[in-house]
Amino acid sequence: MEIFASAQGEGPEVGRSTVFVRFGGCDLRCRWCDSPSSWRESATCRIETSPGVEQFSERPNPLPISQVADLAIALAPQKSTWISLTGGEPLLQPEAVSSLARILSDRSRRVYLETHGLHAEALASCVNWVELVSMDWKLTSDVRWGPGKTSNRNHEFHDAHEEFLRVAMRAGGVYVKVVVTPNTLDDEIDEMIGRIVSVSANIPLVLQPVTPTGGVERMPEPEQLLGWLTRAEKRLSNVRLIPQTHPIYGVL
Ligand code: SF4
């Protein structure tokens, strides 16, 4: 859908220069989603003409993967700059992600994969070329499958996330990010923590208070946030509470 340069707005790499390659299509519907235009594939791709200028050219989709790699690298002159494959949900197009990650990795570029963390088989096809997996952990209090998918049983996301996390351990690195809202339940946080611990208590966890948008009007209360932080720190070695930063300086 788009290729542009910005700064990472979330998670432990927050503030680092990053080129984003956004894939169209998502099979979830998160209540806070700030990019509903990415729920469907797009007929065109907009490409920033120079890093940070916010001027774009348009090309028809699908772009050849080698061209996507060239365009992303042109916006990231430093080899240390992350190239983030994001969405939508990039792993709905596993062959494209795998090819692109492989080309970027072969050209000594740092591949960062931002995913909703539910499609383990798709991740397995590209994990060897990913330096860092940013894996969401979706909670059923605020997230549903999109059209054409059956609704959740209570543990459906937990099972799929745990399986995904085990595959993600084969990447250069992985962290889990969970968006928490005023609806978030202590029980689902505890279940998530237990599932992460069953893989490794050293996996970093980021608690991200929701940025009020879409169907969510406010952040959780401070007592909720600090309570979840304390709960998680009792069982995991690396937990942080990090809000999104890009809305602060006006970038979506
Ligand atoms: S997974 Fe991401 S793109 Fe999909 S609905 Fe949720 S926030 Fe939006």
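A charge sits over a ring if NZ of Lys or CZ of Arg is within 6 Å of the ring centre and within 35 degrees of the ring normal. Keep that in mind for the views below, which all come from a predicted model.

**View 1. R29 and W39 meet, charge over ring.** The charged end of R29 sits over the ring of W39, and the distance to the ring centre is 4.2 Å. You'll run into R29 and W39 again in the next view, because both are among the residues that surround the ligand, with a heavy atom within 4 Å of it.

**View 2. The ligand and its shell.** Which residues surround the ligand? Going along the chain, they are C26, L28, R29, C30, C33, S38, W39, G88 and K138. Sort this shell by character and you get five nonpolar residues, two polar ones and two charged ones. The space that the ligand takes up is the largest pocket.

**View 3. Two phenylalanines, stacked.** There are three aromatic pairs in the structure, and F4 with F20 is a good one to look at. Why is this pair called stacked? The ring centres of F4 and F20 are 5.3 Å apart and the planes make an angle of 20 degrees, so the pair counts as stacked, given that stacked takes planes under 30 degrees apart. F4 belongs to strand β1 (residues 2–7) and F20 to strand β2 (residues 17–22), so the pair ties together parts that are 16 residues apart in sequence. Both F4 and F20 are buried.

**View 4. W82, with a ring partner and a charge.** Here's another aromatic pair: W82 and Y112 are edge-to-face, with 5.2 Å from centre to centre and 75 degrees between the planes. W82 comes from strand β6 (residues 82–86) and Y112 from strand β7 (residues 110–115), so this pair links parts that are 30 residues apart in sequence. Buried or exposed? W82 and Y112 are both buried. W82 has a charge to deal with too: the charged end of R110 sits over the ring of W82, 4.0 Å from its centre.

**View 5. A7 on strand β1.** Look along strand β1 and you'll find A7. Its relative accessibility is 22%, so A7 counts as partly exposed, since buried would take a value under 20%. Between the C-alpha atoms of A7 and F20 there are 9.1 Å, and these two residues are 13 residues apart along the chain.

**View 6. Two cis peptide bonds.** Most peptide bonds are trans, so a cis one is worth a second look. Where does one turn up? The bond from N61 to P62 is cis, and its omega is near 0 degrees. P62 is part of the loop between β5 (56–60) and α1 (65–75). Another cis bond runs from G87 to G88, this time with omega near 15 degrees. G88 is in the loop between β6 and α2 (94–106), and you've already met G88 as one of the residues around the ligand.

**View 7. Two positive phi angles.** Most residues other than glycine have a negative phi. E54 has a positive phi, near 60 degrees. The home of E54 is the loop between β4 (44–48) and β5, and with 60% relative accessibility E54 counts as exposed. S108 also has a positive phi near 60 degrees, and S108 is in the loop between α2 and β7. At a relative accessible area of 44%, S108 is partly exposed.

**View 8. G11 in its loop.** G11 is in the loop between β1 and β2. How much of G11 is accessible? The relative accessible area is 0%, so G11 is buried. Now follow the chain a while: G11 and Q208 are 197 residues apart along it, but their C-alpha atoms are separated by 8.0 Å.

**View 9. Two buried tryptophans.** W137 is in the loop between β8 (132–136) and β9 (143–145). With 2% relative accessibility, W137 counts as buried. The C-alpha atoms of W137 and H116 are 6.9 Å apart, with their positions 21 residues apart along the chain. W228, meanwhile, is part of helix α6 (residues 222–233), and at a relative accessible area of 2%, W228 is buried. The C-alpha atom of W228 is 8.2 Å from that of L207, a residue that is 21 residues away along the chain.

Methods
Residues are numbered from 1 along each chain as its sequence is written. This is a predicted model: local features need pLDDT of at least 70, side-chain atom pairs count only at pLDDT 80 or more; totals for chains, interfaces and linings use all residues. Side-chain values use heavy atoms; hydrogens and water are left out. On a 1 Å grid over the protein atoms alone, a cavity is a set of points where a 1.4 Å probe fits but cannot get out, and a pocket is an open set with protein on both sides within 12 Å along at least five of seven lines; lining residues have an atom within 4 Å of a point. A molecule sits in a cavity or pocket if more than half of its atoms lie within 2 Å of its grid points. Ala, Val, Leu, Ile, Met, Phe, Trp, Tyr, Cys and Pro count as nonpolar, Asp, Glu, Lys and Arg as charged, and the others, Gly among them, as polar. Rings of Phe, Tyr and Trp (its six-membered ring) pair if their centres lie within 6.5 Å; planes under 30 degrees apart count as stacked, over 60 as edge-to-face and the rest as tilted. Helices (H or I, at least four residues) and strands (E, at least two) are DSSP runs, numbered from the N terminus. Buried means under 20% relative accessible area, exposed over 50%, partly exposed in between (1.4 Å probe, protein chains only).
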